[in-house]
Amino acid sequence: MMELVLYLSLFGVVCWCSLILLPWRPWSVREKIETQGIVDSHGTLGDITVLIPARNEGPYIRHTLNGVRAQSENLRIIVIDDQSTDDTAEQAKRCGALVLSGTAPPAGWSGKLWALEQGLREVSTPYTLLLDADIELAPGIVIELQQKARNENIALVSLMAEPPMESFIERLLMPAFIFFFRLLYPFGLANKPVSRVAAAAGGCILVETQALRSVGAFANLHNALIDDCTLATHIKRSGLRTFIGLSRAARSHRGYQDLKPIWEMVARTAFTQLRYSFILLVSCTLIMTSMFWAAPLAFLLLPAQEAYIVSTLAWMVMFITYMPTLIYYQRSPLWSLALPVIGTLYLGMTWTSALRYWRGERACWKDRRYESNTNN
């Protein structure tokens, strides 16, 4: 038993140290786009149509639309009301958006993608901005996205929006959510044309309309739960460039006051990211157990000098790799001490996702249930 703990702790340290040595630095925050607050005064944003799918987003849609309106008076805004039962459509109309009444998604379609497919039929501009209904944009950020796309010939530019960090559970888990996403989809690789890694954050994506249609638009990924990364993959495989970066100029204002909604959000797609593979799930469990428990806490289980060295090294590397994310989001460095707990919670969410899939539920979101292949 002691030998197993020692081997796991050594493996965990090797995993942590490898993150430091990887040339694409998945833990860094160098890939980002911020705003200088310059709004569109020359009508340059008139070639962009904003598509916002919305289902029961009454508490959030007004803030989102006000943020879009602050970018330019020339932006065309289309809200696709996905059969909301609240006042989403009414609020969107009051904010001056064109509201389309969406229909129920056909079999095999996710609700969000079907809503976007309906909205895309109304787009005639060179660029389309795909925006979630809970994302608030700071003035000038759409111009930055447009300039990034034009100056560097990028077909798809995506922003990882700043998550809410007001409550304790948000401060505990949301910076780590961004941290883990960047480990799974290293931005440095995703932004390289020669790399096979592709990633996007669905909350805010500026994409060339022609490029979107040339890859089959949303019909080509109609049943994808991780639709943003799937779209980036299609765009990149067509020979076009993509970019994903962090930003504090795009912020989610959908708060999480307790653990349950965060758990549900992650569990919705966690097993999908592992391609519904039991082998990958076991491998992920082994890696996370060794990295977040065996390595940093080896000194509690093994009263030997080697265990203290392993634990010290593990904590040092954990601190170094997590620190850029904490600094970027202006969080205390002491949150790095909670990584063992954070890692355990995210592993639990992953197993919840797997167990639900094996029970026949691929995902459940916005009161819609998507069945897994076990029920087909």
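Strand β6 (residues 156–162) and strand β8 sit side by side in this predicted model, running parallel and joined by 6 bridges. One of the pairings to look for matches Met160 with Leu246 in β8. From there, we can follow β8 to its other partner, then look at some helices and the nonpolar cores.

**Strand β8 and its partners**
- Strand β8 covers residues 242–252, and 9 of its 11 residues are buried, so you'll find it mostly covered.
- Strand β5 (residues 135–137) also pairs with β8, but here the two run antiparallel, with 3 bridges between them.
- If you want a spot to find that pairing, go to Ile135, whose bridge partner in β8 is Ser252.

**Helix α2 and its hidden face**
- Helix α2 spans residues 61–69, and its buried residues are Ile61, Thr64, Leu65, Gly67 and Val68.
- Look down the axis of α2 and those buried residues fall within an arc of 155°, so they line one face of the helix.
- What covers them? Among the elements doing the job are strands β1 (48–54), β2 (76–81), β4 (127–131) and β5, along with helix α3 (88–94).

**Two more helices**
- Helix α10 (residues 259–267) has Ile262, Met265, Val266 and Ala267 buried.
- Asp258 caps the N-terminal end of α10, with a side-chain oxygen 3.2 Å from the backbone nitrogen of Lys260.
- Over in helix α9 (residues 227–237) you'll find another aspartate, Asp227.
- Is Asp227 buried or exposed? Its relative accessibility is 14%, and the cut-off for buried is under 20%, so Asp227 counts as buried.
- Skipping residues up to four places away in sequence, Asp227 touches Lys112, Leu113 and Leu221.

**The nonpolar cores**
- Here's a handy background idea: in soluble globular proteins, nonpolar side chains tend to be buried together.
- The largest nonpolar core in this model has 53 residues, and the members touching the most others are Trp16, Leu172, Leu173, Leu246, Ile262, Ile342 and Tyr346.
- Which helix gives this core its largest share? That's α6 (residues 168–184), which supplies 9 residues.
- There's also a second, separate core of 37 residues, including Leu65, Ala89, Val157 and Leu159.
- Back in the largest core, take Ile342 as an example: leaving out neighbours within four places in sequence, Ile342 is in contact with Leu172, Leu173, Ala176, Phe180, Tyr322 and Trp335.
- Some names come round again: Leu246 is the bridge partner of Met160, and Ile262 is one of the buried residues of α10.

Terms used. Residues are numbered from 1 along each chain as its sequence is written. This is a predicted model: local features need pLDDT of at least 70, side-chain atom pairs count only at pLDDT 80 or more; totals for chains, interfaces and linings use all residues. Side-chain values use heavy atoms; hydrogens and water are left out. Buried means under 20% relative accessible area, exposed over 50%, partly exposed in between (1.4 Å probe, protein chains only). Helices (H or I, at least four residues) and strands (E, at least two) are DSSP runs, numbered from the N terminus. Two strands pair if DSSP finds at least two bridges between them. Contact means heavy atoms within 4.5 Å. A polar contact is a pair of N or O atoms within 3.5 Å; within protein, one must be able to donate a hydrogen and the other to accept it, and residues adjacent in sequence count only if both atoms are side-chain atoms. The arc is that of the directions from the helix axis to the C-beta atoms. A nonpolar core is a set of buried Ala, Val, Leu, Ile, Met, Phe, Trp, Tyr and Cys residues joined through side-chain atoms within 4.5 Å.
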